[in-house]
Amino acid sequence: MSYSDIWLFLQQGVLSGLVTGSVYALLALAIVSVFKTTDVPNFAQGEIFMMGGYIALTLLLIFGFSYALVIPLTLIGMAFGGALFQRVVMERVTGSKGVGVQLVIATLGLAYALKGAVRQTGLGDTPRSLPALVPTDAILIGDAVLTKLDVAIFLVALLVMGLIYVMFTHTRIGKAMRAVGMNPRAAQIVGIRLSHVRMLVWAMSGLISALAALLITPKVLVTPEIAHIAILAYAAAIVGGFTSLPGAVLGGLIIGIVENLVGLFVSTNAIVVAPFLAILVTLIVRPQGLLGGQPQVKKV
């Protein structure tokens, strides 16, 4: 392999990795947001993402709605679904003195329920992808080739990440979410309603998952197995730091770049191993993640 080939592969791997990594980063943000405010890992994240894709697909291809209606209806529907799950299920488990394991099992139950619903309705029988809103014409960036759709995915994901940052740093609800994430008991003492904030966080998680689905499903087929992308989002959250929102973004971009570089320089068969190697190295070198801060010890 010549130097020019190596340079070309590096450019292609990094740029393509930024595109896929930005989607992983969005899902990792959803995972970390829920975990910071509830101390519960959401094991239904992949299925929530999958459901966002199927709702958009159903509205667009079966009901014949235009994208102008499909996008807001999908985002609102998934946000409402997330809030409803927190209010009806998670809040009741917490109110009945449920421990962390029971809350985790509740998210697993949601995952199986969503996947079962898709299979029972027959929506998952035929793999489909969403029509692209943006042209898929190829463009050159340096020596690398991307499509206009790739660039649009990356820019929209960056914009959403910026809006989330502004919400957490400059709005009252964002500051309330941060307060609950830092110290729920202290936040409750100063008048913050934990149930209200947690419901909004779950709604935001559903909305972000739906947005990630709308971005990536024009490039991939929508099947029940697409929920496995959550494994990569979890890898991103672990690499960046499971309690750090900036870490989730950084981890997502790293996982995306590593995946693409491994596929180009090693083998496409090795792509599935790359995220787990990244997790392993991170846990050995810096167990709390790249931006996870100091390790915390909790009684169990």
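# Exercises on a predicted model

Helix H1 (3-38) and helix H10 (245-265) each supply at least two residues of a nonpolar surface patch. The structure is a predicted model. Work through each task, then read the solution.

**Exercise 1. The nonpolar patch**

Task: Which residues make the nonpolar surface patch of about 680 Å², and which helix gives the most to the patch?

Solution:
- Step 1. List the members. They are Tyr3, Ile6, Trp7, Leu10, Leu264, Phe265 and Val266.
- Step 2. Find the main contributor. H1 gives the most, with 4 residues.
- Step 3. Take one member, isoleucine 6. This residue lies in helix H1.
- Step 4. Classify isoleucine 6. Its relative accessible area is 32%, so it is partly exposed.

**Exercise 2. Two packed helices**

Task: Are H6 and H8 roughly parallel or roughly perpendicular to each other?

Solution:
- Step 1. Locate the helices. H6 covers residues 172-182, and H8 covers residues 194-216.
- Step 2. Read the geometry. The packing angle is about 105°, and the axes are 10 Å apart.
- Step 3. Apply the cut-off. Angles of 65 to 115 degrees count as roughly perpendicular.
- Step 4. Conclude. H6 and H8 are therefore roughly perpendicular.
- Step 5. Name the contact residues. H6 uses Ile173, Ala176, Met177 and Val180. H8 uses Leu194, Val197, Arg198, Leu200 and Val201.

**Exercise 3. Two aspartates**

Task: Is aspartate 150 buried or exposed, and where is aspartate 39 found?

Solution:
- Step 1. Place aspartate 150. This residue lies in helix H5 (residues 148-170).
- Step 2. Check its accessibility. Buried means under 20% relative accessible area. Aspartate 150 has 7%, so it is buried.
- Step 3. List its contacts. Not counting residues up to four places away in sequence, aspartate 150 touches Val19 and Lys219.
- Step 4. Place aspartate 39. This residue is in the loop between H1 and helix H2 (45-62).
- Step 5. Check its accessibility. At 47%, aspartate 39 counts as partly exposed.
- Step 6. Look at the backbone. Aspartate 39 has a positive phi of about 60°, although it is not a glycine. Most residues other than glycine have a negative phi.

**Exercise 4. A leucine in a strand**

Task: What does leucine 146 contact, leaving aside its neighbours within four places in sequence?

Solution:
- Step 1. Place leucine 146. This residue is in strand S2 (residues 144-147).
- Step 2. Check its accessibility. With a relative accessible area of 5%, leucine 146 is buried.
- Step 3. List the contacts. They are Gln12, Leu15, Ser16, Asp137, Ala138, Ile139 and Ile141.
- Step 4. Compare chain and space. Leucine 146 and valine 19 are 127 residues apart along the chain, and their C-alpha atoms are separated by 9.4 Å.

Technical notes
Residues are numbered from 1 along each chain as its sequence is written. This is a predicted model: local features need pLDDT of at least 70, side-chain atom pairs count only at pLDDT 80 or more; totals for chains, interfaces and linings use all residues. Side-chain values use heavy atoms; hydrogens and water are left out. Patches are made of residues with over 30% relative accessible area and no salt bridge: like charges are joined within 9 Å, nonpolar side chains (Val, Leu, Ile, Met, Phe, Trp, Tyr) within 5 Å. Accessible areas come from the Shrake-Rupley method with a 1.4 Å probe; for residues, only the protein chains shown count as cover. A salt bridge is a side-chain nitrogen of Lys or Arg within 4 Å of a carboxyl oxygen of Asp or Glu. Buried means under 20% relative accessible area, exposed over 50%, partly exposed in between (1.4 Å probe, protein chains only). Axes are lines fitted to C-alpha atoms, for helices over the stretch in contact, and angles run from 0 to 180 degrees between N-to-C directions. Angles under 35 degrees count as roughly parallel, over 145 as roughly antiparallel, 65 to 115 as roughly perpendicular and the rest as oblique. Contact means heavy atoms within 4.5 Å.
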